[in-house]
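The exercises below are meant to be worked with the sequence and the coordinates open side by side. Each one gives a task and then a solution in steps.

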Amino acid sequence: MFDLYSFDKDEESMIETYKKVKEAYFKTFKELGLDVVAVAADNGSMGGKNSEEIMALSRIGEDTILFDEQTKQGLNVEVLEKENAEEYLAEQYNITDVKKLEKKKAIELGHIFALGTKYTETMGINFIDAENNSKPFYMGWS
């Protein structure tokens, strides 16, 4: 795994960067011949709007995921421990029925977070916009 921090001017740009990082993960692991999937994950203490783990399906994996082979949609079972798990899954990942997902073992290879302004506001990391206003960056992490 590696660390990558991104800083964008707004939420829309942050989400675009998030998608590009996710695509880079998939491209890299495909070139290595690994069968990977992105699954909904718990943001934990990192916080933020959402996060996904990039997982390699493996019978010897240390993580358990619930996965739909047809849609390639899945989640780390840790998400189900969240207080608002059903709402979080429906709102962020359009997962409305976990009963139809199959249990699989997987190995976490990466984790992407859309953190928003949680850390930049706290640390005072701002930029000056076109109207000369100071605004906090929208931050992502992987």
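**Exercise 1. A pair in a helix**

Task: in this predicted model, establish whether tyrosine 25 and phenylalanine 29 are buried or exposed, and classify their ring geometry.

Solution. Begin with accessibility: tyrosine 25 and phenylalanine 29 are both buried, a label that requires under 20% relative accessible area. Next take the rings, whose centres lie 5.9 Å apart and whose planes make an angle of 15°; since planes under 30 degrees apart count as stacked, the aromatic pair is stacked. Finally, place the two residues in the sequence: they are four residues apart in helix H1, and so about one helical turn separates them.

**Exercise 2. The nonpolar core**

Task: find which elements build the largest nonpolar core, and which of them gives the most.

Solution. The core has 12 residues in all, among them Tyr25 and Phe29 from the previous exercise, together with Met14, Ile54 and Leu109. Assigning its members to secondary structure shows that H1, S2, S3 and S6 are the elements that give two or more residues. Of these, H1 gives the most, with five residues.

**Exercise 3. The enclosed space**

Task: determine how many cavities of 30 Å³ or more the structure has, and describe the lining of the largest cavity.

Solution. A search of the whole structure yields one such cavity, and the volume of the largest cavity is about 70 Å³. Its lining includes Met14, Tyr18 and Val21, as well as Phe113 and Trp141. Helix H1 (11–31), strand S6 (102–116) and strand S9 (138–141) each contribute at least two lining residues, with the largest share, four residues, coming from H1. Sorted by character, the lining of this cavity comprises eight nonpolar and four polar residues, and no charged ones.

**Exercise 4. The open space**

Task: carry out the corresponding analysis for the largest pocket, giving its volume and the makeup of its lining.

Solution. The volume of the largest pocket is about 150 Å³. Among the residues that line this pocket are Lys22, Val36, Asn50, Glu52, Lys72 and Tyr93. At least two lining residues come from each of H1, strand S2 (36–40), strand S3 (50–57) and helix H2 (85–93), and S2 supplies the largest share, three residues. By character, the lining of the pocket divides into five nonpolar, four polar and three charged residues.

**Exercise 5. Other aromatic contacts**

Task: state how many aromatic pairs the structure holds, and classify the one formed by phenylalanine 7 and phenylalanine 137.

Solution. There are six aromatic pairs in the structure. For phenylalanine 7 and phenylalanine 137, the ring centres are 5.8 Å apart and the planes stand at 75°, so this pair is edge-to-face. The two residues belong to distant parts of the chain, 130 residues apart, with phenylalanine 7 in strand S1 (residues 5–8) and phenylalanine 137 in the loop between strand S8 (134–136) and S9. Phenylalanine 7 has 39% relative accessibility and therefore counts as partly exposed. To complete the survey, note that Tyr5, Phe113 and Trp141 form one aromatic cluster, and that lysine 82 lies over the face of tyrosine 88, 4.4 Å from the ring centre.

Terms used. Residues are numbered from 1 along each chain as its sequence is written. This is a predicted model: local features need pLDDT of at least 70, side-chain atom pairs count only at pLDDT 80 or more; totals for chains, interfaces and linings use all residues. Side-chain values use heavy atoms; hydrogens and water are left out. On a 1 Å grid over the protein atoms alone, a cavity is a set of points where a 1.4 Å probe fits but cannot get out, and a pocket is an open set with protein on both sides within 12 Å along at least five of seven lines; lining residues have an atom within 4 Å of a point. Grid points are joined across faces, edges and corners, and a volume is the space filled by probe spheres set on the points. Ala, Val, Leu, Ile, Met, Phe, Trp, Tyr, Cys and Pro count as nonpolar, Asp, Glu, Lys and Arg as charged, and the others, Gly among them, as polar. Rings of Phe, Tyr and Trp (its six-membered ring) pair if their centres lie within 6.5 Å; planes under 30 degrees apart count as stacked, over 60 as edge-to-face and the rest as tilted. Buried means under 20% relative accessible area, exposed over 50%, partly exposed in between (1.4 Å probe, protein chains only). A charge sits over a ring if NZ of Lys or CZ of Arg is within 6 Å of the ring centre and within 35 degrees of the ring normal. A nonpolar core is a set of buried Ala, Val, Leu, Ile, Met, Phe, Trp, Tyr and Cys residues joined through side-chain atoms within 4.5 Å.
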